[in-house]
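Student: Could you walk me through reading some local features of a protein model?
Tutor: Gladly; let us look at it together.

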Amino acid sequence: MSYNLKQYGVSAAAILRYLKRFDEIGGENHGMIVIKDGKKIFERYCYPYTADMPRTMFSVTKCLVSTAVGFAVDEKKLSLDDKILPYFKEYPHKKNKEWDNMTVRTLLLMRSNKKFSFLQDMTDDHTKIFMKNPFRRKKDFFYSNNDAHVLAHLVEIVTGERLVDYLTPRLFEPLGIKKPFWETNALGVCVGGSGLYLTCDDLAKIALCYLDGGKYDGRQIIPAFWAEAVATKQTTPSKNWAADGFSYYFWLEKNGSYRLEGLFGQFGVIIPEKKTVIAVIGAHVSDALIAKTINDYLVKDIFLDEDGEEELEEYLRERDKRLLPHVAERNIEKEVISSRKVYKRKGCAVEISKLMTRFSNGLIPNSISSSFAKRPKDSVDDLTFAFSDDRVRVTWREEKDVVSFDCGVDGKPLITDVTLQDNVYHVWSWGYWKKNDFHVVTRPLNTVAQKEFIFRFGKDKVSMKTKCNPDFRDFVVANSIASGVFPDLPVVTPILVGLLKTGLIVTTFPVRFVKK
């Protein structure tokens, strides 16, 4: 496939260097779009990800909450100087003079000064948690999902609509975006910190609209004053965040670019000087390292006078082969003795794991499910296998949901639609035998994750071990300082982080099952 990027003043060699660097830091790029002067000039997805597959956007969701606030302000339903407390005074809270300083603007700037833990139960009433949480002693920028959760709730109060319904005629439909799935909490409120599902193309369209001052195809969509405001530095983030400025949930850089940013690598980068948008979706545990890689290899170099298109295309073809499964000899004896039995969970290790992390050990890796508004709170149970000529159907229960997916065992992966907490996940999976262990590789394509289950069979029993990418322990360590779990101290912090990671080793223990 030829893109002829050089005619648009875009360097294929720079894109190649970026993709290779992303490989080197242990990341995966699942999709990328480049739009210049209003024209989409590059779009490519890594197998098995596709253009039409919506995926969770994590904190890109906050930018859509910000956009909703902009609409509400424009429609005089809300003011940036409105105080927060009057909208939620029925919630239990302690009297404190700091409530007088908390406005819509302070929440948009992550300056509520409220304590927040990224390990809190995302299914709960976020406003209730926010109101009860104490104020922090240190008064500065503090990145908190709860600030965005409360703003989302506030927009729903003043508009009388769910956030996704409010934005659909104002933003999604004018941009040609199908009404997206948006997770809700226990109250049915659209979650503000994460929970929105978009395609890479949807993300690119939203970024393009902001690039053009809120216009799309010549029509004003986002209020112009809001498009200007998010592109203007409003505050300085703490040093834990890889950006020079912060404005209403958008991140700004000294190089003139600004971006929508979501956990693990969902980025919509806007480069006004070159009238360019770059949308990327991927997987890496460190947002800061992703941001640095994008700035160093794309924003800095993508407009160099270089070619390199043949080399880029060769790399992309080879990349698609990496995830292809291999064929292994079947273990018919083990398949026969395990097939169609029902295995019941046994032992305390999984319960300890759940107690420590508050997350189940199910289909979605803990590092991803930690940001889900709705997730099963019960772990894998009632496990069964049904082997056939070309596949095995693996079935288990997670709380109220029955998870059942097909794994190709003949070298061909299969995709199964699995419903978890009212959302359909497209699970790409294949399996293979390695001695007495049966490995099941899964990718819920609506997420950024890969999870490998390793089943070891005995007489009327089976154990299940998992490997995840991104790994939950790495996720906790990467976020422990920025979220305020640990103070950022030169000597003490590395020790505390090491102890935390050691303690979380229980989350890697095998889960044991016996015949029911």
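What follows is a short talk about salt bridges, backbone features and a surface patch.

Tutor: A word on the ground rules: this is a predicted model, where local features need pLDDT of at least 70 and side-chain atom pairs count only at pLDDT 80 or more, while totals for chains, interfaces and linings use all residues. Residues are numbered from 1 along each chain as its sequence is written, and side-chain values use heavy atoms, with hydrogens and water left out.

Student: How many salt bridges are there?
Tutor: Side chains of opposite charge can pair when their charged atoms come close. Here a salt bridge is a side-chain nitrogen of Lys or Arg within 4 Å of a carboxyl oxygen of Asp or Glu. The count by that rule is 38.

Student: What is the N to O distance between E43 and K40?
Tutor: Their salt bridge has 3.3 Å from N to O. For exposure, buried means under 20% relative accessible area, exposed over 50%, and partly exposed in between (1.4 Å probe, protein chains only). E43 is partly exposed at 24%, and K40 is partly exposed at 35%. In another pair, R162 and D165, the closest N and O atoms are 3.5 Å apart.

Student: Which residues are linked in a network of salt bridges?
Tutor: K344, D381, D382, R397 and K516 are linked that way.

Student: Where is the backbone worth a second look?
Tutor: Try the peptide bonds. Y47 and P48 are joined by a cis bond with omega about 5 degrees, and the bond from N469 to P470 is also cis, with omega near 0 degrees. Helices (H or I, at least four residues) and strands (E, at least two) are DSSP runs, numbered from the N terminus. P48 sits in the loop between β2 and β3, and P470 in the loop between β20 and α14.

Student: What is the phi of D422, and is this residue buried or exposed?
Tutor: D422 has a positive phi of about 75 degrees without being a glycine. This residue is exposed, at 53% relative accessible area, and belongs to the loop between β16 and β17.

Student: Which residues form the nonpolar surface patch?
Tutor: Patch members have over 30% relative accessible area and no salt bridge; like charges are joined within 9 Å, nonpolar side chains (Val, Leu, Ile, Met, Phe, Trp, Tyr) within 5 Å. L489, V491, V492, I495 and L499 make up the patch, with about 470 Å² of accessible area together, computed by the Shrake-Rupley method with a 1.4 Å probe, where for residues only the protein chains shown count as cover. I495 lies in helix α15 and is exposed at 52%.
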